[in-house]
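Student: I would like to learn how to read the features of a protein model, taken one at a time. Where should we begin?

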Amino acid sequence: MRRPRLLLALAVTATTLAGGLAVASRSDTADAAVGPITWQDEFNAAAGTPVNTGKWTAEIGGSGWGNNERQYYTNSTSNAVHDGAGNLVITARRENPGNFQCHYGRCEYTSARLITSNKFSQAYGKFEARIKIPRGQGIWPAFWMLGQDFGQVGWPNSGEIDIMENVGKEPNTVYGTVHGPGYSGGAGITGSRNIGRPLADDFHTYGIEWSPNLIRWFLDGAEYHRITPANLGGNRWVFDKPHFLLLNVAVGGNWPGYPDATTQFPQQMLVDYVRVNSWTNGTPPATTAPTTRPPTTAPTTRPPTTPPTTPPSTTRPPTTAPTTAPTTAPPSGTAWTPYTAYSAGQVVTHNGVRYQVRQSHTSLPGWEPPNVLALFLPL
């Protein structure tokens with residue numbers, strides 16, 4: 001029953017975004033409550049420097065990531081690198097020099113997806129990035145967060161906060177969304193702002209201010225969306241625990257559609273900085289609604305439809321169902337193959353290297369043992 005869910009999301013959007021056309025700035029109370037920076041990456045390394053692995057992990061694979069995406073995420077500087085001008089550059093390319101295999105066959109595109117899981121997470125505060133997004137049909141940049149506990153409780157119970165999403169077919173519009181139990185996928189609660197010109201033309205700041213029982217979204221310092229537990233229709237509020245950060249550029253998917261003849265490659269997302277602040281003395285900003293709202297348009301398409309399974313991470317690979325029925329568990333010591341049910345403790349070989357299976361799973365193309373060490377222990 002997707003239609004009632006979509007109507008609920010749109011109704012909440014209309015309620016939270018209704019109001020005048022004057023741009024609302026953050027209140028003095030909110031400014032005063034912003035405390036010290038607790039985590040940041042200014043991306044000031046020399047040109048050609050890889051991402052800081054003390055802060056970020058590059059996820060790898062081409063499983064479709066639950067959304068039928070077409071790219072293969074790599075850890076190569078071809079896809080994520082410092083430009084020497086104060087930016088991180090995530091590049092989506094129409095190429096496959098490594099002959100990577102995706103869920104649909106040989107991958108057509110490569111890109112990067114960076115996460116701070118197990119390196120940094122925080123509950124509450126100000127989370128902001130200054131970004132120049134890419135453009136084009138089928139291009140899907142995002143700056144977002146997942147609950148640090150999702151490896152234990154699963155998605156959407158972990159919570160997901162999408163600070164910034166854009167789809168190339170709607171070049172003027174930024175989306176801010178939350179997903180949780182009872183309001184995930186097509187029922188995610190979303191707000192948006194249409195600025196009347198392509199967001200990809202310039203750098204913009206995208207952020208949230210998150211306090212107990214309140215999340216507010218900002219574009220260039222102006223609030224355009226907010227939610228509280230009252231917006232959840234009686235469903236559970238799960239935004240009371242640490243979340244980690246993600247940056248990625250996807251190519252294709254259920255929501256954005258797929259590249260066409262108008263899409264130019266490579267496409268780059270430039271990130272000037274990512275900064276996280278705490279609240280002064282733990283005090284959140286005032287929760288009174290601003291008297292005016294920035295101009296906005298209600299979303300004409302639903303937010304990204306992530307399946308109701310655990311999203312990919314460094315601790316668990318994507319749980320996309322195989323397109324071919326899995327075989328029974330092979331004898332220990334045999335060569336790794338896709339679409340095979342493996343049990344914890346089994347030993348497999350791949351390219352002459354032996355690996356022990358860490359946890360039971362059914363393999364998919366792109367999950368070769370060296371690519372998903374969360375599942376395989378080299379021996």
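Tutor: Begin with the rule for strand pairing: two strands pair if DSSP finds at least two bridges between them. Keep in mind that this is a predicted model.

Student: Which strand pairs with β21, and in what sense?

Tutor: Strands of a sheet pair through backbone hydrogen bonds, either parallel or antiparallel. In this model, β21 (residues 347-350) pairs with β22 (residues 353-357) in the antiparallel sense, over four bridges. One of the bridge partnerships links H350 to V353 in β22.

Student: What connects β21 to β22?

Tutor: The two strands form a hairpin, with two residues between them. In that turn, N351 has a positive phi of about 50°.

Student: R354 is in strand β22. What does R354 touch beyond its sequence neighbours?

Tutor: Leaving out residues up to four places away in sequence, R354 touches V347, V348, T349, L377, P378 and L379. The C-alpha atoms of R354 and G333 are 7.7 Å apart, with these positions 21 residues apart along the chain count. As to solvent, R354 has 46% relative accessibility and therefore counts as partly exposed.

Student: How is the order of strands in a sheet read, for example in the open sheet of seven strands?

Tutor: Read the order across the sheet, from neighbour to neighbour. Here the order is β2-β9-β18-β11-β12-β13-β14, and the pairing is antiparallel. The edges are held by β2 (57-58) and β14 (189-194); each has a single partner strand, so one side of each is left without a neighbour in the sheet.

Student: How many bridges join β11 to β18?

Tutor: Nine bridges join β11 (residues 139-147) and β18 (residues 243-251), and the two run antiparallel. Within this pairing, F143 has L247 in β18 as its bridge partner. A general point on side chains also helps when you look at a sheet: in a regular strand they alternate between its two faces.

Student: Now accessibility. Is T205 buried or exposed?

Tutor: The cut-off for buried is under 20% relative accessible area. T205 has 16% relative accessibility, so T205 counts as buried. T205 belongs to strand β15 (residues 204-211). With residues up to four places away in sequence set aside, its contacts are E128, A129, R130, F218, L219, D220, G221 and Y273.

Student: What about residues in loops? Where is T77 found?

Tutor: T77 is in the loop between β3 (71-73) and β4 (80-82). Its relative accessible area is 39%, so T77 is partly exposed. Not counting residues up to four places away in sequence, T77 touches G48 and P50. From T77 to G48 the C-alpha separation is 7.2 Å, although these residues are 29 apart along the chain.

Student: And which loop holds R135?

Tutor: R135 lies in the loop between β10 (125-132) and β11. At 38% relative accessibility, R135 is partly exposed. R135 touches P198, A200, D201 and Q267, again leaving out residues up to four places away in sequence. R135 and T263 are 128 residues apart in sequence, yet their C-alpha atoms are 8.2 Å apart in space.

Student: How many disulfides does the structure hold?

Tutor: The structure holds one disulfide. C102 and C107 form this link, and their sulfur atoms are 2.0 Å apart. The angle about the S-S bond is 110°, and the link is right-handed. Both cysteines, C102 and C107, are buried.

Student: How do I read a pocket, and what volume does the second largest pocket have?

Tutor: Rolling a probe the size of a water molecule over the atoms shows where empty space is left. In this model, the second largest pocket has a volume of about 180 Å³. Its lining consists of 15 residues, and V51, T53, T57, A58 and N75 lie nearest its centre. By class, eight lining residues are nonpolar, six are polar and one is charged.

Student: Which figures describe the chain as a whole?

Tutor: The chain has three helices and 24 strands. Of its 379 residues, 53% are buried. For contacts between residues at least 6 apart in sequence, 70% join residues at least 24 apart.

Conventions: Residues numbered from 1 in each chain as written. Predicted model: local features only at pLDDT ≥ 70, side-chain atom pairs only at ≥ 80, totals over all residues. Heavy atoms only, no water. Buried < 20%, exposed > 50% of the residue type's maximum accessible area, 1.4 Å probe, protein only. Contact = heavy atoms within 4.5 Å. Disulfide = S-S within 2.5 Å. 1 Å grid on protein atoms, 1.4 Å probe; cavity = no way out; pocket = protein on both sides within 12 Å on 5 of 7 lines; lining within 4 Å. Points joined across faces, edges and corners; volume = space filled by probe spheres on them. Nonpolar A, V, L, I, M, F, W, Y, C, P; charged D, E, K, R; others polar.
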